[in-house]
Amino acid sequence: MIDDEEPGMTSDDLRREAWLRVADAVSSIVASQEDIAAVEDLLAQSSEARRRRISSLSAGAWAIIARAVGRAGPQPTAGLWAATFVAAVPNSSSDLHLVGAALAAFALLSEADATSDAAAARCISHMVAPTEAQGRSDLAYDLVAIALELASDDPTERLGLAQRGLALGQAAGKAHQAAACATEAALCLAQLAAVDPGRRLAAFDATDLAVEWILASDMPFREIFGDRLATGLREPANAGLRILGDLMMPHLNPQAKAEVEAQQRGYPWPRRVEVAPRERMPEYVLGQLGPMTCDIEVYRQRLALLPSATRRNPTADWVDWTLAHPGYLQAVPHNHSFLREKHARGNLLDLAHEITHVMTLLGGIGGTLTALRAALLIRQAARWSAAARDMAEVDELIRVGSALPPLDAAEPRNLPLVELSLELLLKSQALQDSWTPWFEGLAVFGETAADPALDPIGIHPVAEALRALVDYRHPESSNDAAREAKLNELATDFETHVSEAMQTAAPSRLRHLLGQRDVPYFAGYLAVRAVVACWRRTMGQPLDGAKAFGALLYLTRYAVEEAIPDLSLHSARFAQEAESSMSQWAAAMASLPAESLALILQGPSAPNEAGPRFLWSGGRPQSVTPEQGEEIALQRLRQRVIEALRGSRGSVDLARHGPPGTPARELAEAAMPDLEKADEDTQYARTIENTVQMATAWLGHGQLLPIGRADARFFLLLDSDPSASIARLTLTIRTAEMNADGSGASVNGISIPLPADVARRLAKAFEARRTPTMEVVRVVDLSQRFVDSMWPVLLLRYGDWVHVEGPAGMLPTELAEKPEARQNFANQLRQRLWPDDRYGLDAVGRGALLARQALGWFDASSGWAQSGSPFEPWAFHVRGLATSILDDSVRASRQKRAGCALLAAVGLDASIETRGFNELVPPADRAETVAALFRSARMPISDPWLDTNAPRLALRGFDVFSWQNDIGWDVRPLGGRESS
C-alpha cells in the first residue's frame, strides 16, 4: 500500500495537501492571469467536460499544468496527467488509499527521472482499482495509460498494467483501448517467452487476441497498433508468432489484401465474423477457404505448444461423476476419429473401465453419496448463517478468499456443525472404500470380458456409450429397410473394433491390473468372476461375458439399497456396517435363484427403459413399471437425505459430552433439536425438500457425461438480410491426440448451420471478447431422455453464449424442432460442465479442505481446545475425525479389508488379497494364468494347460479355478470346486 500521509490526517487534509503542492508548483511559473483562470476553471469541471475543453487550452495553461507535475514545457501529455490525477481525487472522495497514491505520484513525478517515473507508475497503478470501484472506468483506463507511459521496461510490470487496461477497454467496448493494451500485453509476453519457454503458449494466445482487437479498431488506430505488433513480431525471438501477423496484414495493407485475394481468385478475405449480402454468400463461403487454411496452420502451431498428454491412467470422479482421459483433454471425438487414432484400442478399454464407474454411480450408491453431499451443503449453509449477516456478506467473504465459512478461534460454538460435517465426509469415504473392490472388479471384468460381439441381440450400456463417440450419418435413402440395414452395418463395424481391441489389448491390460497393489483390482475381479461362475452353474449354461456384465452393472446400480446402512449412524459404526453389508450383498447376488436370474438377464422390455425395472426386496427382484421405479427411487433418495441430515444425534453422542448442565453438553443439546418433533417442523420439512431437489438435480446432471474437450477456432458468416433464418459457423477443431500413422494431431473442419438469432448472439459476444476460439465439448446423454439410445451432442460455448449441436448434424426431434427446449438443454449442459461453484461445493465435497480448516481451527484456538478445558475431549474427538479424513493409509487399509471380506463372502480365500497375484503365481505361469482368466471370463473353456496346472496353482494358494461339468473351466463358484 502507498503510504504518504502523516498519522491522523483526514481525507480533507490530504486533499488540501495535494492542492498545496499544485499551488506551489504553479506559483513559480510566470503565466498570465487568464492562463491560471483557465486551468482553475478546467479543474472545476466534470471529467467529461474537462475532456472536451482540454484541447483548447493555451500554451501558458499547458505550461502551468505541466509544471504541476514537474514537466517543463507545454506538453499536452503531462497536462493530461495532472488533470487526471486531480480528477481521481474528487471532493467527495474518502478513500485515503487513493489520495495517498495520488500524493505519492505527484511527489515522485517532480523528480523527473526514469527511476522516479517507474515508482510513480506503481503509485498510479494503485489508483486504478479504487477509481474503477467508484464507477469511473474511463478515468481508471486513463490512469493505466499514464502508468504504462511512465513504467520501466520490465515486461512483468508492464504486463500487469496492460492486462488491467485490456479488461477496462474490453468492458467499455472501446476497441482502440483494448487494442492498445492487448498489443502491449502480447509484446510483453513475447519478451518473457523468449527466456521462459513455458510462457510460449500464453504469448501465442495473447498475440492472437491482440490481432483480433487491432482488426476491430478503426483507422488510424488499426494501422498504429498493427504496425507496432508487426514490428515486434519481426524480432528473431518471435518467429513462432509471425503467422499471426500474417493473418492481420491483409486488413492493414491494401497491397497484401490484393495479393491474397488474387491468390484466392478474387474471393474476399473475410474477418472472423463477417456479414455479407445473400447473393454474395457463396462467394464468401469460398473466400473462407484461404483464411481457414491459414487458421488450420495457426491451430496446429498452437497445438504444438500444448503440454503433451502423458499416458497416465484415466480416472473417474466419485464426486462429480466425470472422467478424465489424457487423450481427450484437448481433443473432441468427431466423425470416425475415435477409431482412427494411434491409441484407439487402449482408449476403448480405458473408457470402458471409467464409463463403467460413472454408470455404477448412477444408481443406489451414487444416490446415497449425493444425499450425503447435499446434507453436507446444508451443514455448510448453517455455518455461513452463523458467520455472516446476509448473502451479501457471504459473497464478500468468498471474494476475499474464504472458500469455507470462517471459524472463530476464540470460542467453540461451531464444534457441533464441524463434527457433523466431518461425520458426513467420513461416511462418504467409508461407503466409497467399502465398495471400491467391487466397483474396480466390475470395471476390469467389463473392459476385458464384455465383448459386445458375444451377444448377437443386445448391447450393454457401456458399449452403447462408447458407440456414441462415433458419428454415423443416417443413409440418404427413403427405403426404411435400406436405412435399417445400413445402420446395422455401421453398428456391427463398431462392435468389430471393440472386439478386436479386447482380444488384442485386453490380456496384457488384465495382467497389468491384477499385479497392482495400490488399488484392489485383484480381489474385486476374482469376486466378480466368482459371482458369474455361480450364475453359470445355477443356469447350467455358459453365460457369456457381455450378458453377464450387463446384468452385474444393472444389479450394482439398482439392487444395492438394502446393502447401504442407515446414514444417521455414527461414522465408525457406519463404516463397519458398510463393509459387512457390501460383502453380504455380493454373497446374495452369487446365490440368486434361476428365476431371478432369468428376470435380470432378459434385459429391458423396451429399449428406452433406463431406470430400475425391479423393486429389490428381501434380496429378490419384483417387477415394477418405469414410472413406479422412478417414484421408488425418489422416495429412497428422500429417506437417505433425512438420515443424512439427522447425522449422529443419538443419545450415545450426547452422553459423550458429559452430564446435563455441563458446557459441552449444553452446546450439544442446543445444536441437536428433538428428532421426534423434527418431522412436524415446517422449516425442517422445507430443508428436506430443498435438499432432495438439490440431490435430484445433481443426479440428473450426472447422466450427462462429457468425453472430449477442445478449443476450436471459428469463422461466422451472417446474412445481411435481417429476415434471414440461417447463418454459417465453421470450426477448426482437434479430434484426436495422434493419428494412427503417428503424423500428428488430427484436425477437422466442421461447418454448422446456425439459426440466425443464435448466430447474432454469437456475433455480439464476439464483439465484446474478440477471442478467436470457442470451447467445444462432446457430451453423451446417458439418460436416453430424448430418444431410445444414448445420444451424443456437441456443446459450443463462447463466454455466456452456449449452443447445442449434433456431431453429425443430427439432433433428436425434441431439440431440433423446439428452440426453447434446445436452449434449455444447452443451459443444463453449461451448469453440468461449468457449475457456479463460488460457495466451494466441489472442494467441500472432497473433504480435504474442510478437514484442514478444522485442524487449523484447533491449532489456533484460544484455550478451549486445550487440556483442562471442558470442551477438550470433544475437540480431541473432532480433531481425530479430521485427521482420519486426510490419512490416505486409513482409506487404503479400509479398501484392503473390504477386498478380503468380499473374497470370503463369495467363497474364495481372503489371503489372496493380502498376498497378491505376483506372489501367488510364479513368473513362468503368469502369462498362461492370465490367458486362462481372460478366456474363461468371456465363456467357460476347455484348457489343457489348466487341466495340468490348476491343482499346482491351488497348492501355492491360488485356488481359484474350478471345472464345471458340461460347462468348462471357470473361477470357482461359491459352495464348491466342481458341480455335476
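Okay, let's start with a word I'll be using a lot: a helix, in this talk, is a DSSP run of H or I with at least four residues, and helices are numbered from the N terminus. One more thing before we look around: this is a predicted model.

With that in hand, take helix α28, which covers residues 626–646. Arg-640 and Glu-643 sit three residues apart in α28, which means about one helical turn separates them. Their side chains form a salt bridge, with the closest N and O atoms 3.1 Å apart. Is Arg-640 buried or exposed? Buried counts as under 20% relative accessible area, and Arg-640 comes in at 7%, so it is buried. Glu-643, at 10%, is buried as well. While we're on salt bridges, Arg-158, Glu-184 and Arg-228 are joined into one network by bridges that share partners.

How many salt bridges turn up in the whole structure? The search finds 35. Let me pick out another, between Glu-157 and Arg-122, where N to O is 3.3 Å. Glu-157 belongs to helix α9 (residues 155–172) and Arg-122 to helix α7 (residues 114–133), so this pair ties together parts that are 35 residues apart in sequence. As for exposure, Glu-157 is partly exposed at 22% relative accessibility, and Arg-122 is partly exposed at 40%.

Next up is the pair of Arg-302 and Asp-711, whose closest N and O atoms are 3.9 Å apart. Here the link runs between distant parts of the chain: Arg-302 is in helix α16 (residues 289–305), Asp-711 is in strand β6 (residues 704–719), and they are 409 residues apart. Arg-302 is buried, with a relative accessible area of 10%.

What about disulfides? How many does the search of the whole structure find? Zero. As a reminder, a disulfide is a covalent bond between the sulfur atoms of two cysteines. If you want cysteines to look at, try Cys-181, which is buried at 2% relative accessibility, and Cys-188, which is buried at 3%.

Now to a hairpin. Strands β10 (residues 791–798) and β11 pair in the antiparallel sense, over five bridges. Across that pairing, Leu-794 stands opposite Glu-805 of β11. Two residues lie between the strands, and in this hairpin Gly-799 takes a positive phi near 65 degrees.

Have a closer look at β11, residues 801–805: five of its five residues are buried, which leaves the strand mostly covered. Which residues point which way? Trp-801, His-803 and Glu-805 go to one side, Val-802 and Val-804 go to the other, and all are buried.

A few backbone oddities, then. Met-219 and Pro-220 are joined by a cis peptide bond, with omega about 5 degrees. You'll find Pro-220 in the loop between α11 (200–216) and α12 (221–233).

Asn-335 is not a glycine, yet its phi is positive, at about 60 degrees. The loop holding Asn-335 runs between β3 (323–324) and α17 (337–340), and the residue is partly exposed at 33%. Arg-770 also has a positive phi, near 70 degrees, and again the residue is not glycine. Arg-770 lies in the loop between α33 (756–769) and β9 (773–781). Buried or exposed? Buried, since its relative accessibility is 16% and the cut-off is 20%.

Last stop, a pocket. Rolling a probe the size of a water molecule over the atoms shows where empty space is left. The second largest pocket has a volume of about 1,200 Å³. Its lining counts 42 residues, with Pro-314, Thr-315, Glu-440, Val-519 and Tyr-521 nearest the centre. Several elements supply at least two lining residues each, among them β2 (315–316), α18 (344–361), α23 (480–514) and α39 (888–905). Which one gives the most? That's α21, with seven residues. And the make-up of this lining is 15 nonpolar, 15 polar and twelve charged residues.

That's the tour. Thanks, everyone!

Definitions and conventions. Residues are numbered from 1 along each chain as its sequence is written. This is a predicted model: local features need pLDDT of at least 70, side-chain atom pairs count only at pLDDT 80 or more; totals for chains, interfaces and linings use all residues. Side-chain values use heavy atoms; hydrogens and water are left out. Buried means under 20% relative accessible area, exposed over 50%, partly exposed in between (1.4 Å probe, protein chains only). Two strands pair if DSSP finds at least two bridges between them. On a 1 Å grid over the protein atoms alone, a cavity is a set of points where a 1.4 Å probe fits but cannot get out, and a pocket is an open set with protein on both sides within 12 Å along at least five of seven lines; lining residues have an atom within 4 Å of a point. Grid points are joined across faces, edges and corners, and a volume is the space filled by probe spheres set on the points. Ala, Val, Leu, Ile, Met, Phe, Trp, Tyr, Cys and Pro count as nonpolar, Asp, Glu, Lys and Arg as charged, and the others, Gly among them, as polar. A salt bridge is a side-chain nitrogen of Lys or Arg within 4 Å of a carboxyl oxygen of Asp or Glu. A disulfide is a pair of cysteine sulfur atoms within 2.5 Å.
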